[in-house]
Amino acid sequence: MIMKIAYISQFAPDDRRASSGTNYKVVEQLGKMGDITWFPIRTPKIYRVFELASKALAKICGRKIYFLYTKLGCNLFARNQKISIDELNKCDVIFAFFNATPFWTITISKPIVYLTDATYPAMIDYYPPFCNLFNFNKNGGYYIEECLFDKFTSILCASDWARVSAIEDLHQSSDKVRCIEFGANIDNQDVVEHTFNYTDHLHVLFLGVDWVRKGGEIAVKTCRLLNGNGIKTTLHVVGIKNLDNKICNLPFVDNVGFLDKNIQQEYRLLLKIISRCHLLLLPTNAECAGIAFGEASAFGLPVFTYKTGGVANYVIDGENGYALSITSTEKEFYEKIKACIETKTLEKLSYKSALLYKNKLNWNRWGNEVRSLFNSILNKS
């Protein structure tokens with residue numbers, strides 16, 4: 001009997017761009033387990049009106065508001081979804097991707113598996129949209145998410161950071177919440193064996209769409225130090241749409257721009273650039289999981305980043321790179337990279353990075369664990 005899976009997401013199953021390609025890869029794996037029916041989440045017009053009004057009011061007060069996790073916002077969003085309970089009941093299992101809010105008004109006996117890379121409590125005063133919130137928004141958000149999580153049969157987290165928060169902050173049982181790392185959002189056939197060939201020119205990759213949060217300035221300063229101390233370096237910046245001209249005009253910066261994985265030519269260019277580089281430098285100061293870490297590992301690129309959020313599940317010191325203390329400056333990044341070059345450690349890390357991808361940071365492994373979870377849930381029910 002073929003399993004019937006309801007997929008609840010705001011993103012179309014074939015969209016390779018959404019969530020850096022995670023949505024596409026999740027659907028790809030679920031498709032191996034059974035037939036998928038997509039139940040799209042839409043943002044209601046009435047919700048947008050109230051959201052804009054609430055943000056304008058919050059700005060006047062010098063604060064921010066995360067309207068979705070207010071009682072009014074949650075109700076407006078959930079009650080205006082067009083998700084048929086009758087159609088959901090025809091499925092064996094419901095899989096929800098990155099948005100729990102529709103379940104505020106959905107009551108159903110079918111098992112629900114929810115996938116997330118963070119919790120509301122973990123994001124408060126950590127990610128920019130969740131900073132400087134009203135106290136009622138913080139407390140109300142805790143309550144809303146706990147109520148939502150209580151409805152789920154199983155909660156899949158992308159990191160132990162998120163898993164611990166779900167258990168400790170949202171009071172979910174430890175056997176209900178599990179961590180399964182994401183893989184690289186690159187097709188398996190496009191991952192090639194990486195031959196480490198550094199001689200006298202270091203090619204450094206910066207891969208991210210948020211210049212500030214991903215630590216672009218630290219990456220530039222680190223590469224400036226490398227160049228200034230006899231290590232010829234080029235920083236390849238991928239993902240930034242409007243990079244400041246002051247950065248673009250630096251002689252050691254190659255500004256590639258934003259690349260859309262939905263466009264085959266741009267996807268191929270991304271693969272070419274990754275395979276050309278020797279390491280990924282991404283000093284991100286806030287990170288839930290970091291798809292770039294898996295993609296770098298797939299191509300044997302050691303990662304140099306900060307130890308923050310969910311990074312520890314994707315960057316293991318001495319295996320596929322180093323996660324430095326969040327207080328580290330460009331000087332520490334420079335010294336760590338320089339030491340890895342001088343001691344030939346960079347080459348060893350490259351080899352271990354590829355192994356970590358094969359053994360852990362790949363979507364087939366994620367899919368196998370989710371299949372096992374589905375079977376367990378359905379056998380119990």
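Rings of Phe, Tyr and Trp (for Trp, its six-membered ring) pair here if their centres lie within 6.5 Å. By that rule the count comes to 26 aromatic pairs in what is a predicted model. Beyond the rings, there are two open sheets to look at, one in the order β2-β1-β3-β4-β5-β6 and one in the order β9-β8-β7-β10-β11-β12. Several helices pack on these sheets or on one another, and the notes below go through them by topic.

**An aromatic pair across the sequence**

- F95 and F374 make an edge-to-face aromatic pair, with 6.3 Å centre to centre and 70° between the planes.
- F95 belongs to strand β3 and F374 to helix α14, so this pair ties together parts that are 279 residues apart in sequence.

**The sheet from β1 to β6**

- Six strands build this open sheet, and the pairing is parallel.
- At the edges stand β2 (34-40) and β6 (177-179); each has a single partner strand, so one side of each is left without a neighbour in the sheet.
- From one strand to the next, the twist averages 25°.
- Out towards the β6 edge, strand β5 (residues 154-157) pairs with β6 in the parallel sense over three bridges.
- In that part of the sheet, C157 stands opposite C179 in β6.
- Helix α7 (residues 160-168) packs on the sheet and touches β5 and β6, and its direction makes about 170° with that of β6.
- Helix α1 lies across β1 (3-9), β2, β3 (93-97) and β4 (112-116), and runs at about 170° to β1.

**α1 against α14**

- Besides lying across those strands, α1 (residues 22-31) packs with helix α14 (residues 363-380) at an angle of about 55°, their axes 9 Å apart.
- That angle makes α1 oblique to α14.
- The two helices cross in the right-handed sense.
- On the α1 side the contact is made by T22, K25, V26, Q29 and L30, while α14 brings W363, N364, W366, G367, V370 and F374.
- Sorted by class, the contact of α1 with α14 has six nonpolar, four polar and one charged residues.
- F374 turns up twice in this story: F374 is in the α14 contact with α1, and F374 is also the edge-to-face partner of F95.

**The sheet from β7 to β12**

- This open sheet also has six strands, with parallel pairing.
- Its edge strands are β9 (253-257) and β12 (321-324), each pairing on one side only.
- On average, neighbouring strands here are turned by 20° against each other, direction ignored.
- Strand β10 (residues 279-282) and strand β11 (residues 303-306) pair in the parallel sense over three bridges.
- L281 stands opposite F304 in β11.
- Helix α8 (residues 216-228) packs on the sheet, where α8 touches β7 (202-207), β8 (233-238), β10 and β11; the direction of α8 makes about 165° with that of β8.
- Helix α12 (residues 330-342) packs on the sheet too, touching β7, β10, β11 and β12, and its direction makes about 155° with that of β11.

**α8 against α12**

- Both α8 and α12 sit on the sheet just described, and they also pack with each other at an angle of about 50°, with their axes 8 Å apart.
- α8 and α12 are therefore oblique to each other.
- Their crossing is right-handed.
- From α8, the residues I218, K221, T222, L225 and L226 meet E330, K331, F333, Y334 and I337 of α12.
- By class, that contact of α8 with α12 has six nonpolar, one polar and three charged residues.

**α2 against α3**

- Helix α2 (residues 45-60) and helix α3 (residues 71-79) pack at an angle of about 160°, with their axes 8 Å apart.
- Angles over 145 degrees count as roughly antiparallel, and α2 and α3 are therefore roughly antiparallel to each other.
- The crossing in which α2 passes α3 is left-handed.
- I46, Y47 and F50 in α2 meet L72, G73, L76 and F77 in α3.
- The contact of α2 with α3 has six nonpolar, one polar and no charged residues by class.

Note on methods: Residues are numbered from 1 along each chain as its sequence is written. This is a predicted model: local features need pLDDT of at least 70, side-chain atom pairs count only at pLDDT 80 or more; totals for chains, interfaces and linings use all residues. Side-chain values use heavy atoms; hydrogens and water are left out. Axes are lines fitted to C-alpha atoms, for helices over the stretch in contact, and angles run from 0 to 180 degrees between N-to-C directions. Helices (H or I, at least four residues) and strands (E, at least two) are DSSP runs, numbered from the N terminus. Angles under 35 degrees count as roughly parallel, over 145 as roughly antiparallel, 65 to 115 as roughly perpendicular and the rest as oblique. A crossing is left-handed if the near helix is turned anticlockwise from the far one by less than a right angle, and right-handed if clockwise. Contact means heavy atoms within 4.5 Å. Ala, Val, Leu, Ile, Met, Phe, Trp, Tyr, Cys and Pro count as nonpolar, Asp, Glu, Lys and Arg as charged, and the others, Gly among them, as polar. Two strands pair if DSSP finds at least two bridges between them. Rings of Phe, Tyr and Trp (its six-membered ring) pair if their centres lie within 6.5 Å; planes under 30 degrees apart count as stacked, over 60 as edge-to-face and the rest as tilted.
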